[in-house]
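Here is a short report on one molecular structure. The sequence and the coordinates come first, and the commentary comes after them.

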Amino acid sequence: MADCLFCKIISGDIPSEKVYEDELIYAFRDIEPQAPHHIVIVPKAHIESANDINCENSGFVAAIFEKIPQIAANLGFAQSGYRVVNNCGSDAGQTVKHLHFHLLGGAPGGKMY
Ligand code: 5GP
Ligand code: ZN
């Protein structure tokens, strides 16, 4: 997607602080962190939101969740714990229309919503 911010981050057209990458997913530090460690994890396919996950593309989502423990361990907060958040649509405040999961860790979090 030519005008998608996260597609541009994946391609390297927009710089980011990468913490993990493989053939299916890309993970980088959020520019406006909401926790000591705030990582954004995206599929390397332009899926607009959680509403667009289906049996054709759910492998990307599985790949993200399979790698979350490793990313958390690498950054040192797997044992202390973390939160995984997906914002879908306007009521949830989704600002970038490329499916992504926020991985938040490094300190105790607040209530969920
Ligand atoms: P959303 O609000 O859509 O769930 O999450 C989008 C996230 O992308 C926000 O937390 C925002 O801070 C982050 N973000 C927006 N633009 C950039 C950018 O250019 N670089 C990085 N690293 N994060 C960004
Ligand atoms: Zn995209």
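The report below covers the metal site, the salt bridges, the ligand contacts and a few single residues.

## Metal site

This is a predicted model. Four protein atoms serve as donors to the zinc ion (ligand 2). They are Cys-4 (SG), Cys-7 (SG), His-46 (ND1) and His-98 (ND1). Their distances from the zinc ion run from 2.1 to 2.3 Å. The site is tetrahedral, with angles of 107 to 115 degrees among the four donor atoms. The ideal angle at a metal with four tetrahedral donors is 109.5 degrees.

Along the sequence, the donor residues of the zinc ion (ligand 2) follow the spacing C-x2-C-x38-H-x51-H. The pair His-46 and His-98 links distant parts of the chain, 52 residues apart. His-46 sits in the loop between strand S3 (37–43) and helix H2 (58–75). His-98 sits in the loop between strand S4 (82–85) and strand S5 (101–105).

Is His-98 buried or exposed? His-98 counts as buried because its relative accessibility is 0%, and the cut-off for buried is under 20%. His-46 has 29% relative accessibility, so His-46 counts as partly exposed.

## Salt bridges

Side chains of opposite charge can pair when their charged atoms come close. The count here is three salt bridges. The table gives the partners and the N to O distances.

| Partner | Partner | N to O distance |
|---|---|---|
| Glu-17 | Arg-29 | 3.5 Å |
| Glu-21 | Lys-18 | 2.8 Å |
| Glu-21 | Lys-44 | 2.8 Å |

Take the salt bridge between Glu-17 and Arg-29. Glu-17 lies in the loop between helix H1 (5–11) and strand S1 (18–21), and Arg-29 lies in strand S2 (residues 25–29), so the pair ties together parts that are 12 residues apart in sequence. Glu-17 is exposed, at 51% relative accessible area. Arg-29 is partly exposed, at 25%.

Glu-21 forms a salt bridge with Lys-18 and another with Lys-44. What does the pair Glu-21 and Lys-44 tie together? Glu-21 is in strand S1 and Lys-44 is in the loop between S3 and H2, so this pair ties together parts that are 23 residues apart in sequence. Shared partners join Lys-18, Glu-21 and Lys-44 into one network of salt bridges.

Each member of that network is partly exposed. Glu-21 has 34% relative accessibility and counts as partly exposed. Lys-18 is partly exposed at 47%. Lys-44 is partly exposed at 29%.

## Ligand 1

How many residues are around ligand 1? There are 15 of them, and those that come nearest are Asp-30, Asn-87, Thr-95, His-100 and His-102.

Polar atoms of the protein approach ligand 1 from backbone and side chain. A backbone N or O atom of Ile-31 is 3.3 Å from a nitrogen atom of ligand 1. A backbone N or O atom of Val-96 is 3.1 Å from an oxygen atom of ligand 1. In His-102, a side-chain N or O atom lies 2.8 Å from an oxygen atom of ligand 1. Ligand 1 exposes 510 Å² when taken alone, and the protein buries 82% of that area.

## The loop between S4 and S5

Gln-94 belongs to the loop between S4 and S5. Gln-94 counts as buried because its relative accessibility is 8%, and buried means under 20%. Polar atoms of the Gln-94 side chain have backbone partners. The backbone nitrogen of Gly-89 is 2.9 Å from one such atom. The backbone oxygen of Val-96 is 3.0 Å from a polar atom of the Gln-94 side chain. Val-96 thus appears twice: a backbone atom of Val-96 also lies 3.1 Å from an oxygen atom of ligand 1.

## Two further positions

Pro-15 is placed in the loop between H1 and S1. Pro-15 counts as exposed, at 72% relative accessibility. Pro-15 and Phe-28 are 13 residues apart in sequence, and their C-alpha atoms are 9.9 Å apart in space.

Lys-8 is in helix H1. Lys-8 has 30% relative accessibility and counts as partly exposed. Lys-8 and Glu-56 are 48 residues apart along the chain, with 23 Å between their C-alpha atoms.

Terms used:
Residues numbered from 1 in each chain as written. Chains lettered and ligands numbered in written order. Predicted model: local features only at pLDDT ≥ 70, side-chain atom pairs only at ≥ 80, totals over all residues. Heavy atoms only, no water. Donors = N, O, S within 2.8 Å, 3.2 Å for Na, K, Ca; no water. Tetrahedral: all angles 85-135°; square planar, octahedral: opposite > 155°, others 65-115°. Helix = DSSP H or I, 4+ residues; strand = E, 2+ residues; numbered from the N terminus. Buried < 20%, exposed > 50% of the residue type's maximum accessible area, 1.4 Å probe, protein only. Salt bridge = Lys/Arg side-chain N within 4 Å of Asp/Glu carboxyl O. Near = heavy atom within 4 Å. Polar contact = N/O pair within 3.5 Å; in protein donor to acceptor, adjacent residues only side chain to side chain. Areas by Shrake-Rupley, 256 points an atom, 1.4 Å probe, with all protein chains shown as cover.
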